[in-house]
Amino acid sequence: MTTPAETLRSLARTRASLDGEEVTYWWTGDVYSWAPDEPYERVLGFEGLNVARLVQNPEDGQGAYRLLTREAAFYLDPDSREILETWRDQPVVHVWNDPANQKWRPFPVPVADLGDQVCFSLEIPLAYPSPLPVAEYPVHSSGDTYKALECFQFFARRADLAGGAPSVPATMSWTRMSPWLPWMARGQRPGGLTFHCRGRKLRSYAEVPGRTRAYIAGHHPEFAHAPETWTEPNETSWTYFRKLHPPKAESRREPEFTGRRP
């Protein structure tokens, strides 16, 4: 891994498979809340999966890849680990991101030497106009700018990467700092959430826990497979919530001035 292209190829073998075969990652963890003058609280469990297919498109240039994925994840009771349908009297909206695609071009991927393991780190700060502006979603929006930080780590054995297999076994960790979820109905209350999860690359989708596979089969069975072709834009929890709850016409009107002019 002496060049950005070689390093990206190793990451691609760790994250997916160079031969275009479907690869499933599964993870589990917890969601913690934080707010000024309040203790940290483990409010939810979290379990999810991503089914990916790696492809190359000549238009993207040499050494570039497209990662075609669907991603489903579920909020759990933090103790029983059962999938929730309500939380503190609010209906839960689970993660159904279709698609959740990425374009990769050679870049200096951060790599840590851990002896017999290699760790690829990806830190992704996000800041863009929120799909849920406060004027349209005063109860469900934390602000007009969506800001979050996603931190991924993928671990693979150095010996496996030295071989020629298109895909290598791997484990992963994921930490995310984000605003309150829209369905929590916290409005602009200060604070937010931290997701802390760990997982692994499965040998096949059949290794996903049976409870989770059954929930996907009963709600959105297409999430058992990766997309066949590239589409955009990506779905997020915020855009999905907007689709489920389109803004009401009255929320888009300019507020009327009712005060006395100076």
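This briefing walks through selected features of the structure above, grouped by topic. The model is predicted, and its pLDDT averages 94 over the protein. A score of at least 70 is reached by 95% of the residues. Below you will find two helices, a residue in strand β1, two cis peptide bonds and two arginines with positive phi.

**Confidence**

- Residues 250-262 deserve a cautious eye: pLDDT stays under 50 over this stretch.
- For residues 250-262 the model has 4 contacts beyond four places in sequence.

**Helix α1 and Arg13**

- Helix α1 covers residues 4-15, and its 12 residues should span 16 Å at 1.5 Å a residue. The C-alpha atoms at its ends are 16 Å apart, so expectation and model agree.
- The buried residues in α1 include Thr7, Leu8, Ser10 and Leu11. Ala12, Arg13, Thr14 and Arg15 are buried as well.
- Arg13 is worth a closer look, as this residue is buried yet has no salt bridge. The nearest side chain of opposite charge belongs to Asp160, 7.8 Å away.
- Which residues does Arg13 contact, leaving aside neighbours within four places in sequence? Asp160 and Leu161 are among them, together with Gly163, Gly164, Ala165, Pro166, Ser167 and Val168. Leu18 and Lys201 are also in contact with Arg13.

**Ser33 in strand β1**

- Ser33 sits in strand β1, which runs over residues 23-35.
- With a relative accessibility of 9%, Ser33 falls under the 20% cut-off and therefore counts as buried.
- Not counting residues up to four places away in sequence, Ser33 touches Pro39, Tyr40, Glu41 and Val43, and also Trp180, Gly192 and Leu193.
- Ser33 and Ser178 are 145 residues apart along the chain, while 9.8 Å separates their C-alpha atoms.

**Helix α4**

- Helix α4 spans residues 237-244, and its buried residues are Ser237, Trp238, Tyr240 and Phe241.
- Seen down the axis of α4, these buried residues fall within an arc of 165°, so they line one face of the helix.
- What do the buried residues of α4 pack against? Their partners are strands β6, β10 (145-157) and β11 (171-178).

**Cis peptide bonds**

- Asp98 and Pro99 are joined by a cis peptide bond, with omega of about 5°. Pro99 belongs to the loop between β6 (95-97) and β7 (102-104).
- A cis peptide bond also runs from Glu232 to Pro233, where omega is near 5°. Pro233 lies in the loop between α3 (210-219) and α4.

**Positive phi in two arginines**

- Arg81 has phi near 65°, a positive value in a residue other than glycine. Its place is the loop between β3 (65-76) and β4 (86-87).
- Is Arg81 buried or partly exposed? Its relative accessibility is 23%, so Arg81 counts as partly exposed.
- Arg88 likewise shows a positive phi, near 50°, and is not a glycine. This arginine is found in the loop between β4 and β5 (90-91).
- Arg88 has a relative accessibility of 46% and therefore counts as partly exposed.

Methods:
Residues numbered from 1 in each chain as written. Predicted model: local features only at pLDDT ≥ 70, side-chain atom pairs only at ≥ 80, totals over all residues. Heavy atoms only, no water. Helix = DSSP H or I, 4+ residues; strand = E, 2+ residues; numbered from the N terminus. Buried < 20%, exposed > 50% of the residue type's maximum accessible area, 1.4 Å probe, protein only. Lys, Arg positive; Asp, Glu negative; His and termini not counted. Salt bridge = Lys/Arg side-chain N within 4 Å of Asp/Glu carboxyl O. Contact = heavy atoms within 4.5 Å. Expected span 1.5 Å × (residues − 1). pLDDT = per-residue confidence, 0-100. Arc of directions from axis to C-beta.
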